[in-house]
Amino acid sequence: MTSISPPPSRIYLLRHAQAQHAAPGQRDFDRPLSDNGYAAAEIVADKAADKDYKPDLVISSTALRCRQTADAVRRAMTPPPEFRFVDALYNATPDVYLELISSQATEGSVMLVGHNPVIEQTLEALIGHDALIAALPSGFPTGGLAVIDATSSGWVLTEFVTE
């Protein structure tokens, strides 16, 4: 498990929703959400808002499917949180994701909107392998939102929100 000292005291990890398959000649970076992905992103964002899961800051990959997933969060939350779009989240390592989280020294909560397998590896780094397998035996699904809280004994997965 990785040691990140609060703040932030709550971390949200949101995997982008289901994307369309790449069209001939289309870059992976430019793949949009599928119709099912749009719907799932809206549902998960609405569920998060209904549970009062509202980050102070959302940091999203600049890939189209992540920006579209982040837009669902923006629409669901009033007032909307601050948003930053970071190129480094595309094709990143868990260390990059963890560094972005730990560098948010003034935010009480932060959400990363990113890609698998890195989003799942980041969750594993925070809560440990056994807790990850117990919570997500089939892996981190598209459009899934992990809510992770700081405790005196480390980071704990509080809830996992899906459509």
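**View 1. Helix H3 lies across four strands of this predicted model.** Helix H3, made of residues 94-102, lies across S1, S2, S3 and S4. Against S4, H3 runs at about 155 degrees.

**View 2. Six strands make up one open sheet.** Read across the sheet, the order is S3-S2-S4-S1-S5-S6, and the pairing is mixed. Strand S3 (82-86) and S6 are the edge strands, each pairing on one side only. From one strand to the next, the twist averages 20 degrees. Over at the S3 edge, strand S2 (residues 57-61) runs parallel to S3, and 5 bridges join the two. To find your way along this pair, look for Val58, which stands opposite Phe83 in S3.

**View 3. Strand S1 has a partner on either side.** With strand S4 (residues 109-114), S1 pairs in the parallel sense over 6 bridges. Here Arg15 stands opposite Gly114 in S4. With strand S5 (residues 145-151), S1 pairs in the antiparallel sense, this time over 5 bridges. On that side Arg10 stands opposite Asp149 in S5. Strand S1 covers residues 10-15, and 5 of those 6 residues are buried, so the strand is largely enclosed by the rest of the structure.

**View 4. His16 sits in the loop between S1 and H1.** Is His16 buried or exposed? Its relative accessibility is 6%, and because buried means under 20%, His16 counts as buried. Leaving aside residues up to four places away in sequence, His16 touches Arg65, Cys66, Thr69, Gly114, His115, Thr142 and Gly143. Gly114 may look familiar: that's the residue in S4 that Arg15 stands opposite.

**View 5. Helix H1 turns one face inward.** The buried residues of H1 are Gly37, Ala40, Ala41, Val44, Ala45, Ala48 and Ala49. Looking down the axis of H1, you'd see these buried residues fall within an arc of 165 degrees, so they line one face of the helix. An α-helix has 3.6 residues a turn, so residues three or four places apart point the same way. What do the buried residues of H1 pack against? They pack against S1, helix H2 (64-76), S5 and strand S6 (154-161). On the other side of H1, Asp35, Asn36 and Asp50 are exposed.

**View 6. Here is H1 from end to end, plus what follows.** H1 takes in 16 residues, 35-50, which at 1.5 Å a residue should span 22 Å. The C-alpha atoms at its ends are 23 Å apart, which agrees. After H1 comes Asp52, with a positive phi near 65 degrees.

Technical notes
Residues numbered from 1 in each chain as written. Predicted model: local features only at pLDDT ≥ 70, side-chain atom pairs only at ≥ 80, totals over all residues. Heavy atoms only, no water. Buried < 20%, exposed > 50% of the residue type's maximum accessible area, 1.4 Å probe, protein only. Pairing = 2+ DSSP bridges. Expected span 1.5 Å × (residues − 1). Arc of directions from axis to C-beta. Contact = heavy atoms within 4.5 Å. Axes fitted to C-alpha atoms, helices over the stretch in contact; angles between N-to-C directions.
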